[in-house]
Amino acid sequence: MPNTFASARKFRLSSLALEGFRPFFLFGALYAALSILLWVPWYLGFLHVPTALSPIAWHQHELLFGYVPAIIAGFLLTAMPNWTKRKRLTGTPLVLLFTLWLAGRLVTFLSEYTGLTIASAINLAFLLVLGLYALREVVAAKNKRNYKLAAVIGLIAAAQAFFLYEFSRFAHVDVAGRLAISAIILMIAIVGGRIIPTFTGNWLRKNNPGREPPPFGRFDLFAMVISTTALAAWPLASHWDALATPAAILMLLAGALQLVRQARWCPERTLYEPLVTILHVAFLFVPLGFVLTGIALLTYDSSFASAGIHAWTSGAIGTMTLAVMTRATRGHSGQALHAPASTVFVIYVPIVTAAILRIAAALAPQYTMLLLPLAGLLWVLAFCGYAIFYGRYILSP
């Protein structure tokens, strides 16, 4: 019996090396929960973390260069073989890549002792290895459609490199954080613009025949060009007053275009399947972030600026990553493409509510002491919910 138990445990641990989504989704979710459990009491003055970064800078860094790259890695390493028809990254190479990501989290946490240079180098090394691997795969397969995704990883790596310089020089981070958010939202707009209409159309044809999302067309291209231009202008607008008004107009226009774009994907026709609906709910935070940021640039109101950032981070990033993680995990572990009640009420409802409360805390800072901890607890609940309910699929064959 002991030998049987040991074999079973070894087999379950070895399952982590079978596909990219397994280690990165599971430990990415656990880290997303742990980082907020640490950050909220630290930010409110009840805890100290042995990092050389300030509470706000650490929070920015670990979301944008810790959690998000893990989920990007899990998604790309799982989806890319389907796009390129090339071999999956498994076994020792996958374990080494995951270990590099994990080392980045550890040295950043302990950077009060190890220093920020080492932490930045390891985090940058992970992004560069991931980006070069993605580029190699799409080039080898002549998959030109996905060259842009490798380029976005390069932008995130550039933001990571600039992060250390900006914090060391000014003791806070502005441009590097905006550059990273811009790159990530651009990736969500690109990938979301593919998978949301596709998954919606697939579900509608089987369950609710009728109007379907149109294929990518000139309107989508125009919306993406405007959105990309707005996101490129945003990191500079805070330091170049002459760019603030043009950037604001681009932001508001991009928000309107992305909202119309999403409306064409038939979101109202997916309400009977939360696994599809949550993708639309998550994407809704993208145009909301554009609009709030546009208002902030026009009015110079820091509350709207913070609300726009958290619409994109807590809302679009937090909700979209969990939406993709739950669907991909179910699909790649042989489960039905249906979100049970546990997924809806322990993962989807808490993450959406957390995002709304975080935006509300930005718009009504007098209620921060109430709304921020509540939003943090709901964020933790959502990611722990994923680890509990989906970890069993990840750790099984």
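How much area does the chain expose, and what share of it do carbon and sulfur atoms supply? I looked this up and got about 17,100 Å² exposed, with 71% supplied by carbon and sulfur atoms. Accessible areas come from the Shrake-Rupley method with a 1.4 Å probe, and for residues only the protein chains shown count as cover.

I note that this is a predicted model, in which local features need pLDDT of at least 70 and side-chain atom pairs count only at pLDDT 80 or more, while totals for chains, interfaces and linings use all residues. Residues are numbered from 1 along each chain as its sequence is written, and side-chain values use heavy atoms, with hydrogens and water left out.

Secondary structure. I find 14 helices and zero strands in the chain. Helices (H or I, at least four residues) and strands (E, at least two) are DSSP runs, numbered from the N terminus.

Burial. I find that 55% of the 397 residues of the chain count as buried. Buried means under 20% relative accessible area, exposed over 50%, and partly exposed in between (1.4 Å probe, protein chains only). I looked up two cysteines: C266 counts as buried because its relative accessibility is 0%, whereas C384, at 28%, counts as partly exposed.

Disulfides. I took a disulfide as a pair of cysteine sulfur atoms within 2.5 Å, and the count comes to zero.

Contacts. With contact meaning heavy atoms within 4.5 Å, I looked at pairs of residues at least 6 apart in sequence, and 77% of these contacts join residues at least 24 apart.

Extent. I find the C-alpha atoms of the chain in a box of roughly 70 × 60 × 45 Å along the principal axes.
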